[in-house]
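Got the model open in your viewer? Here is a walk through it, one selection at a time.

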Amino acid sequence: MASIEAQIAHIWRRLGFGPGPGDIAAGLAIGPQNLIIDLCARTPTDLADWAWPEWQAGDDWEQWEEYGRFQDRIIEQFARSPNPLQERITWILMGLLVISQTDQLHYPDFKKYTNLLKQYALGSYHTVLREVTVGSGMQWYLNGFENSVGHANENLARELMELFALGITDPVTGQPNYSELDVKEMARALTGYQYNWTTGEADFIASRWDDGNKTFLGAPRGAADIDQVMQAIDQQPAYRRFIAQRFYRHIVGLQPEPAVIDTLAAAFGSGCDLRALVTAIAQRPEFLSDESIRSRVKCPMELVAATLRALDLHQLRDFNFAYSMSFLGQHLFNAPNVNGWPQGKDWLHAGQAIHWSTHARELSTRDDGEGDVPVLRRSSTVRELHAAGGALDGAGRASLALAALGLFDVAPATANAMATFAAGSWSHERAAGLLCLGLNSPEFYLQ
C-alpha cells in the first residue's frame, strides 16, 4: 500500500502539477482528505493574476518573443498558481476543447481562448463550451467561418458532438449518440459567423445564417441557432456522462465503471459544474488507490510544470522555453489534430528521454548557488538540499532529493542510483546533479 507521503504527492500531481517546497509537509499535517478539500475549495485567480505579456495592436505571429513569453507564462501559472486545480482543469480543457495553430490562428485568438478556459475552469462547462464554440479561435480552426446558408460546413458540428460534448456512443449504454443527419442539421444551425478583421471577433451575421427549421438530436428545433444547439446537447444523458468519464480518466488514470459514471454525472449537475465534478472524482476511493498512483505518464508540459514547482523556479523568460518545447514534442498551441495530444505511453521513447535529460539539466543547474544570482533564477530547492545534505551520507541526501521532487516509495534501483551519486564529494553542483538525476528517474516520468 502506498505511503501517506506518496498519497499526498499524488494529490498534488493530479489536482495540480506536483508538489513544491513545503507542500508534502503541509499535506501530512492535515491529511489526504483535508488536502483534497483544500485544493478543491481555493479561490480562483483572475486576469490580473495571470499577467499576460503586453501585445501591440496589429502584431501577430511575427512577434515571436512576445508569443513565446505568452506560452512561458501559461506554464509558469501551471507550476506556481495559488490555485493549482484551476490550472489542472485548464490543461484538461486544452486537451478537450482543442484549437491549434495549424489552421493559421492568431495570437489574440489563443489569448481569448486561454482566458475563457481559465475563467470557467472552476465554473460551468456548458458555458465555456458555448463560448469557445462561437469564439474566433474555434471558428477559425473548425471552419466555422466557411459555414453559411446554403453551404453548411459540417466540421464544427461533427466535432462538437463527437469530441466536445457527447462522444460517438453513450459511455454507459453503448448506444450511438447522433446520426449523420444530426451532423448536417446541426451544421445548418451553426451557420452565420464571420471573422471581423477590425475587432478580431467572430461576429454573427444574420444574412449568413440558415433560418430554416431543423431537426436534430431527437426533436424538431425550429429555426435553430447556437442557443438551440446548446439546449439540445444539454438534454442528452450522454453529455454529462461523457464529460464525467473524460475527467475521471484524466484525474484518476483508470477507466470508470458505468455506475461510477452515472454517479459523477449527477454530481456534475444541471449547471455542469466543473469544480463539483472534480471534487466528486477526487473524493472517490479509487483516486487514492495504489492502482491510480503513478498510473499515467507525464506529457512534456507536465514534466516542465512539475519541475518548475519542485525546484521552486519562478520564470522561464530567459530560457526560451517556447522554442524548447518543440523539441519535447508539445508546443502548447500546435496540437497535432482536434483529438488533442498523444496520451500515456506514446510519450515514452528514446528521443523523448534524450531531450528531457537536456531540459532537466538546464533547469536544475540554472542557479549556480552564488549570491549574485537574480532572485527569479534561484532554486530554493537546490540551495536547501546543498545546505542540509552536508552532514548526511549518500542515502540521506538521496532521500532528501527524492522527497523534494515528490517521489516516495521508489524502486530500489532508483534509490540506489541516487544514493551512489550523492555519496561523492558534496557541493552545490552535486546537489543540483542529484536533483537532475531524480528528474530523469522512471518515477518522475509517471503522473
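Start by selecting R130, in helix α8 (residues 125-133). This is a predicted model, so take the stops below as readings of a prediction. Is R130 buried or exposed, or something in between? Its relative accessibility is 25%, so R130 counts as partly exposed, since buried would need under 20% and exposed over 50%. Now show what R130 touches: leaving out residues up to four places away in sequence, you should find I226, D227 and M230. Draw a distance from R130 to M230 while you're there: they sit 100 residues apart along the chain, yet their C-alpha atoms are separated by 7.0 Å.

Next, pick Q236, in the loop between α12 (226-234) and α13. With a relative accessibility of 17%, Q236 counts as buried. Bring up its neighbours, again skipping residues up to four places away in sequence, and you get L166, L217 and R221.

Then hop to G222, part of strand β4 (residues 219-222). Its relative accessible area is 28%, which makes G222 partly exposed. Beyond residues up to four places away in sequence, G222 touches G212, N213 and K214. For a contrasting distance, add R309: it is 87 residues from G222 along the chain, and the two C-alpha atoms are separated by 52 Å.

Now for helix α1, residues 4-15. Its 12 residues reach 16 Å from first C-alpha to last, close to the 16 Å expected at 1.5 Å a residue. How many of the residues of α1 are buried? The count is 10 of 12, so α1 is mostly covered. To see them, select A6, Q7, I8, A9, H10, I11, W12, R13, R14 and L15. The elements covering these buried residues include α2 (23-30), α3 (32-41), α6, α13 (237-252), α15 (274-282) and α16 (300-311).

Keep α1 on screen and add one of those partners, α6 (residues 84-94): the two axes come within 8 Å and cross at roughly 55°. That makes α1 and α6 oblique to each other. For the contact itself, show W12, R13, R14 and L15 from α1 with P84, L85 and R88 from α6. Colour by class and the contact splits into four nonpolar and three charged residues, with no polar ones.

Move on to α20 (394-404). Its buried residues are G394, R397, A398, A401 and L402. Look down the axis: they cover an arc of only 135°, which puts them on the same side of α20. These buried residues pack against α19 (380-389), α21 and α22. Just after α20, stop at G406 and check its backbone, where phi is positive at about 75°.

Last selection: α21, residues 412-422, where T414, M418, A419 and A422 are buried. Where do they fall when you look down the axis of α21? They lie within an arc of 125°, so they line one face of the helix. Turn to the face away from that buried side and you'll see the exposed residues P412, A413 and T420. Finally, show what covers the buried residues: α20, α22 (428-439) and α23 (442-445) are among the elements doing it.

Terms used
Residues numbered from 1 in each chain as written. Predicted model: local features only at pLDDT ≥ 70, side-chain atom pairs only at ≥ 80, totals over all residues. Heavy atoms only, no water. Axes fitted to C-alpha atoms, helices over the stretch in contact; angles between N-to-C directions. Helix = DSSP H or I, 4+ residues; strand = E, 2+ residues; numbered from the N terminus. Parallel < 35°, antiparallel > 145°, perpendicular 65-115°, else oblique. Contact = heavy atoms within 4.5 Å. Nonpolar A, V, L, I, M, F, W, Y, C, P; charged D, E, K, R; others polar. Buried < 20%, exposed > 50% of the residue type's maximum accessible area, 1.4 Å probe, protein only. Arc of directions from axis to C-beta. Expected span 1.5 Å × (residues − 1).
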